[in-house]
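User: Hi! Could you walk me through some packing details in this one?

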Amino acid sequence: MTRLTAGQARRVGVAAQGFHEAKPRGAVTRAHLRRLISRIQVLQLDSVSVAVRAHYAPVFSRLGPYDRDVLDRAAWSHSARSPRLLVEYWAHEAALMAVDDWPLLRWRMREYADGRWGKEIVKKNAKLAEDIVAAVAELGPSTAGQIEAYLESEPRGRKGPWWDRSDTKWVAEALWSAGVLTTSTRVGFARHYELTEKVLPPEVLAREVGDEEAIRELVLRAASALGVGTEADLRDYFRLGAAQVKPAIADLVKSGELEPVTVDGWSAQAYLRAGQIVPRVERGTALLCPFDPLVFFRPRVERMFEFRYRIEIYTPAPKREFGYYVWPFLLDGRLVGRVDLKAERAAGALNVVGAFTEEGQDRVRVASAMAEELRSMASWLELDDVTVGSRGDLVRELRRALA
């Protein structure tokens, strides 16, 4: 059985995510985006916008400053000259994925026939579901509020333990999870629901993929995106179950598309994507948002990079170790530090609330490289300055590097 050192496995994982390639010299195009999605598969969505929304960040991290309209058009618009490239669904968590991959997740849509959460609300409102579908057919792309107003439903308000969502919102979300509705567009991040058959191409909707074949393909895509990974890693990428993944891995090993390998320091069996080249050089420098595919499975991050990472958004401020929205910093293929970022748009500045290095790292070297990435990010976000706060062992060196 092939044996990889921990460093080889790390280099494979970083390269598989696209960090070994040079960033485009010119403008980032739809073709660049299509190639990136074919590599990393998903762009996770999240509502937090303290720096920049999560789905924009992995593209910047790999391709450099780009016009976010390129991604917006690919995800939320359609024309004869520029067909929709991406669609939203539960591909990891809520995420953008390739339109052509929609049939691979039909089994999940059947599992979520009554939604992912709040199923008792949905089951009690079968008539409301019919009314919502009819309303969207009449209105076209609509927010839950617009649908609710059209139906003259109850006003929004607290409904028992289910936060502040109205029944209309819960049922619309369930229909979205079931694949009956999808996202036509977003305005201010608000989802506009539309009938799926009015958004996706007929040939995509008509394509049937058996459940076993779909799971096999998803596991193979996860393996390609990861380069090398354990069963747990492969399961997490598309949030699959053990009963689904085990037979798929066995079949992929038998067909030669996955190779069982051992990795020094990894306690679990690992699998290498067939044909995967093991880079000899450590490459890849980027700021990574908390939902970047390289770091969104925290056990893998700790195992591969010896980097313990937790998002602290829901941790009370006095108890946070590093900050509210912390970006790991990848330097030459290693996670060497982290930075808590906030876009102060009124002040025109990207504010470094805190900056930290990992033990044993050269702070001057890390600060110099991080300063370059921060300047690039600020420019991309149309901010004029990078400011540095007082938290963390790196702030003094970073302030000097920025000066």
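Analyst: Happy to, and we can take the sheet, some helix pairs and a few single residues in turn.

User: Before we start, what kind of model is it?

Analyst: It is a predicted model.

User: Good to know. What is the strand order in the open sheet of 4 strands?

Analyst: The order is β1-β8-β9-β7, and the pairing is mixed. The edge strands, each pairing on one side only, are β1 (2-4) and β7 (228-230). From one strand to the next, the twist averages 45°.

User: And how do β7 and β9 run, parallel or antiparallel?

Analyst: They run antiparallel, with 3 bridges joining β7 to β9 (residues 270-273). If you want the register, Gly 229 sits opposite Tyr 271 of β9, and Thr 230 sits opposite Ala 270 of β9.

User: How many bridges are there between β8 and β9?

Analyst: There are 4, and those two strands run antiparallel. Here Tyr 271 in β9 has Pro 260 opposite. So you'll meet Tyr 271 twice: Gly 229 stands opposite Tyr 271, and so does Pro 260.

User: Anything odd in the hairpin?

Analyst: The β8 and β9 hairpin has 6 residues between the strands, and Gly 265 there takes a positive phi near 90°.

User: Which way do the β9 residues point?

Analyst: Ala 270 and Leu 272 point one way, Tyr 271 and Arg 273 the other, and all of them are buried. That fits the general pattern, where side chains of a regular strand alternate between the two faces of the sheet.

User: Nice. Which helix packs on the sheet, and which strands does it touch?

Analyst: That would be α13 (residues 242-254), which touches β8 (258-263) and β9. The direction of α13 makes about 105° with that of β8.

User: Switching to helix pairs. At what angle do α1 and α11 cross?

Analyst: Roughly 110°, with the axes of α1 (residues 6-16) and α11 (residues 211-226) coming within 6 Å. That makes α1 roughly perpendicular to α11.

User: Which residues make the contact?

Analyst: On α1 they are Val 12, Gly 13 and Ala 16, and on α11 they are Ser 224, Ala 225 and Leu 226. By class, this contact has 4 nonpolar residues, 2 polar ones and no charged ones.

User: What about α7 and α8, how do their axes cross?

Analyst: The axes of α7 (residues 126-139) and α8 (residues 144-151) come within 10 Å and cross at roughly 105°. These two helices are therefore roughly perpendicular to each other.

User: And who is in contact there?

Analyst: From α7 you have Leu 128, Asp 131, Ile 132, Ala 135, Val 136, Glu 138 and Leu 139, and from α8 you have Gln 146, Ile 147, Tyr 150 and Leu 151. The α7 contact with α8 has 8 nonpolar, 1 polar and 2 charged residues.

User: How many residues of α9 are buried?

Analyst: 10 of the 11 residues of α9 (residues 167-177) are buried, so this helix is largely enclosed by the rest of the structure. The buried residues include Lys 169, Trp 170, Glu 173 and Trp 176. Just after α9, Gly 179 takes a positive phi of about 85°.

User: Now some single residues. Is Glu 358 buried or exposed?

Analyst: Glu 358 counts as buried, at 19% relative accessibility. You'll find Glu 358 in the loop between β13 (349-357) and α15 (363-380). Its side chain makes a polar contact of 2.9 Å with the side chain of Arg 338. Beyond the neighbours within four places in sequence, the contacts of Glu 358 include Glu 306, Phe 307 and Leu 335.

User: What does the side chain of Asn 351 make a polar contact with?

Analyst: The partner is the side chain of Thr 387, at 3.0 Å. Asn 351 belongs to strand β13 and is buried, with a relative accessible area of 17%. Leaving out neighbours within four places in sequence, Asn 351 is also in contact with residues including Asp 340, Lys 342 and Glu 344.

User: Last one: where does Leu 402 lie, and what does it touch?

Analyst: Leu 402 lies in helix α16 (residues 395-402) and is buried, with 18% relative accessible area. Not counting residues up to four places away in sequence, Leu 402 touches Ala 371, Arg 375, Val 386 and Val 388.

Methods: Residues numbered from 1 in each chain as written. Predicted model: local features only at pLDDT ≥ 70, side-chain atom pairs only at ≥ 80, totals over all residues. Heavy atoms only, no water. Axes fitted to C-alpha atoms, helices over the stretch in contact; angles between N-to-C directions. Parallel < 35°, antiparallel > 145°, perpendicular 65-115°, else oblique. Contact = heavy atoms within 4.5 Å. Nonpolar A, V, L, I, M, F, W, Y, C, P; charged D, E, K, R; others polar. Pairing = 2+ DSSP bridges. Buried < 20%, exposed > 50% of the residue type's maximum accessible area, 1.4 Å probe, protein only. Polar contact = N/O pair within 3.5 Å; in protein donor to acceptor, adjacent residues only side chain to side chain.
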